[in-house]
Amino acid sequence: MADVKNILFIMCDQLRADYLACNGHPSIKTPNIDKLAAKGVNFKNTYVQAPVCGSSRMSFYTGRYMFSHGATYNGVPLNIGQPTLGDHMRELGVSTGLIGKTHMSADRGNMERLGIDPLSKSGVLASQCGFEPWERDDGLHPDELTSPNLAYNEYLRAQGYEGDNPWHTAANSGVDENGELQSGWFLRNAHLAAAVDKEHSETAYMTNRAMEKIDELGETPWCLHLSYIKPHWPYIAPAPYHDMYSADDVIAANRSAEEKQDPHPVVSAFMNHEESINFSDEEKRRHVIPAYMGLITEIDDHIGRLIAFLEERDLLSSTMIVFTSDHGDYLGDHWLGEKELFHEESVRIPLIVYDPSSEADNQRGKNCDDLIEAIDLVPTFIDALGGKEKYHLLEGRSLLPHLRSETVEEWRDVAVSEVDYAWRGARLELGLTPDKTRAYMLRTKEWKYISYDGFAPQLYNLEKDPQELHDLVPGRKHDFEVLEFENLLHKWIRSRKTRFTTDHATIEAKTDNAKQRGIYFGVW
């Protein structure tokens with residue numbers, strides 16, 4: 001097998017780690033993802049650095065924690081000074097682009113201050129998170145906000161779908177038993193088949209665009225970020241995926257009555273969100289989840305198409321493939337909907353990496369239980385392509401030793417995630433100002449500790465309570481562990497790489513040699 005030349009970086013939106021067959025789901029069909037896991041390494045304890053779309057993705061793309069890159073929620077611009085995956089790849093001569101979503105907001109204020117034209121080459125890259133926008137589509141297009149030039153809508157109209165916004169009326173709506181079109185925005189319609197043919201769905205379309213772009217790139221080394229829009233809501237799937245699963249296939253909710261009796265104030269406020277109330281209703285939950293599962297199997301089918309496409313063009317032997325997600329989805333577990341808190345359902349994601357190098361042969365099909373973070377991917381890609389380590393900037397670590405059976409002498413013993421819930425209704429219920437809504441998770445093999453601004457922390461013993469149903473803080477029997485974790489959090493904060501514009505070699509070259517540079521201070 002050849003060395004890595006290309007990288008196919010596949011990301012789903014809102015896909016839980018435990019909703020893949022290779023991670024133990026008893027009902028779901030994902031044979032192509034299973035095959036990918038059999039050819040690569042399945043990292044079973046992988047954590048996002050923020051369990052919400054935008055912030056999580058900015059950590060994926062910068063290789064830095066949310067604390068360091070500063071994009072603390074969807075719509076918060078990524079500071080223009082933060083280097084991203086595209087910047088690192090272009091340094092290595094690799095054409096790097098996006099097909100699908102990023103949830104990145106451009107730093108228009110600083111672009112204007114610096115006189116950067118948004119339509120210039122550098123302005124486009126700065127506006128698109130460092131990617132060439134081969135086809136950016138963030139996947140949510142309500143009628144009130146949709147651009148008339150949305151490429152996917154133009155494609156649907158060319159296929160014969162009518163209307164101003166066929167993204168909504170075809171791809172994300174279905175026809176009921178009375179022949180009436182019903183919107184997929186409403187959970188009650190999740191059982192309907194989307195009005196779009198499976199050949200024209202968002203997932204099919206983005207897969208087609210990826211294959212077209214790979215053909216167009218030819219011999220040019222590439223890094224393609226194929227960022228699927230689903231299984232994120234609206235939860236509605238085209239036939240035959242819409243009824244591939246039934247309520248009988250839905251696994252029991254991971255929750256207990258105890259969690260509702262006296263919940264943590266922040267968790268309680270999230271439990272009162274509309275999505276949490278609806279997903280806490282077992283009948284509604286079992287109505288919606290089959291569509292979520294169908295959307296996952298649809299993605300799996302197109303993963304199969306992609307891998308076959310790469311094989312046909314003899315690219316599988318030179319292309320690293322990564323399959324992952326930006327966060328999970330509660331689906332009623334812990335009496336919650338959506339994501340944003342730190343239970344495993346929200347913060348743990350799938351991560352499968354296929355390395356084509358012959359050095360990876362001994363590791364194929366293995367599961368890795370080490371604590372992995374989303375920020376590990378950028379340094380992995382740089383390492384795989386022969387680039388230099390950027391210790392002063394990147395806060396993740398290369399996974400190549402895990403992929404190529406090299407000895408991993410020291411690895412992290414804690415995974416970190418952060419959240420800022422200032423934009424959510426929970427803040428209003430708690431009566432907080434927008435600067436009092438941060439929380440941090442420290443996850444070790446044995447423990448999970450959560451520290452909140454202004455509220456008591458939470459602590460779970462994952463060996464004795466892997467389902468995270470019993471918060472140990474209220475009993476005051478683990479004050480020592482709480483203190484130890486709070487000290488660890490303080491140490492972690494002080495270790496962030498904020499001096500990222502100067503590398504270590506530059507500092508070493510200028511350390512204690514002022515006289516050699518003709519500068520004398522304090523000399524008698």
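Helices (H or I, at least four residues) and strands (E, at least two) are taken here as DSSP runs, numbered from the N terminus. The model is a predicted one, so local features need pLDDT of at least 70 and side-chain atom pairs count only at pLDDT 80 or more, while totals for chains, interfaces and linings use all residues. Residues are numbered from 1 along each chain as its sequence is written, and side-chain values use heavy atoms, with hydrogens and water left out.

The loop between β8 (222-227) and α10 (257-261) is a good place to start, and Pro231 sits in it. The peptide bond between Lys230 and Pro231 is cis, with omega at about 10°. Pro240 belongs to the loop between β8 and α10 as well, and the bond leading into it from Ala239 is again cis, with omega near 5°.

Lys230 turns up again in the lining of the largest cavity, along with Ile236, Ala237 and Pro238, among others. On a 1 Å grid over the protein atoms alone, a cavity is a set of points where a 1.4 Å probe fits but cannot get out; a pocket is an open set with protein on both sides within 12 Å along at least five of seven lines; and lining residues have an atom within 4 Å of a point. Grid points are joined across faces, edges and corners, and a volume is the space filled by probe spheres set on the points. Four cavities of 30 Å³ or more are present, and the largest cavity holds about 60 Å³. Helices α9 (202-217) and α13 (282-312) each put at least two residues into the lining of the largest cavity. That lining splits into six nonpolar, two polar and three charged residues, where Ala, Val, Leu, Ile, Met, Phe, Trp, Tyr, Cys and Pro count as nonpolar, Asp, Glu, Lys and Arg as charged, and the others, Gly among them, as polar.

On to the pockets. The largest pocket comes in at about 870 Å³. Its lining has 29 residues, with Tyr391, Glu395, Gly396, Arg397 and Lys497 closest to the centre. By class, the lining of the largest pocket has 12 nonpolar, four polar and 13 charged residues. Helices α15 (377-384) and α18 (479-494) each contribute at least two residues to it. The second largest pocket has a volume of about 470 Å³ and 23 lining residues, those nearest its centre being Trp185, Leu187, Trp233, Glu275 and Glu338. Helix α12 (residues 274-279) is the top contributor to the lining of the second largest pocket, with four residues. Here the classes run to 11 nonpolar, five polar and seven charged.

Phe480 is part of helix α18. With a relative accessible area of 57%, Phe480 is exposed (buried means under 20% relative accessible area, exposed over 50%, partly exposed in between; 1.4 Å probe, protein chains only). Its C-alpha atom is 60 Å from that of Tyr155, and the two residues are 325 residues apart along the chain.

His334 tells the opposite story: its relative accessible area is 0%, so His334 is buried. This residue lies in the loop between β9 (319-325) and α14 (344-347). Its side chain makes a polar contact of 2.6 Å with that of Glu259 (a pair of N or O atoms within 3.5 Å; within protein, one must be able to donate a hydrogen and the other to accept it, and residues adjacent in sequence count only if both atoms are side-chain atoms). Leaving aside residues up to four places away in sequence, His334 also touches, with heavy atoms within 4.5 Å, residues including Asn254, Arg255, Met271 and His343. Glu340 is in the loop between β9 and α14 too; its phi is positive, about 85°, although Glu340 is not a glycine. Glu340 is buried, at 2% relative accessibility. Cys129, in the loop between α6 (121-127) and β5 (132-136), likewise has a positive phi, near 65°, and counts as buried at 1%.

As for strands, two of them pair if DSSP finds at least two bridges between them. An open, mixed sheet of three strands runs in the order β10-β3-β13. β10 (348-349) and β13 (372-373) are at the edges with a single partner strand each, so one side of each lacks a neighbour in the sheet. Strand β3 (residues 46-47) and β13 run parallel, joined by two bridges, and Tyr47 is opposite Glu373 in β13. Elsewhere, β14 (residues 415-420) has six of its six residues buried. β14 runs antiparallel to β15 (residues 438-443) through six bridges, with Ala415 opposite Arg443.
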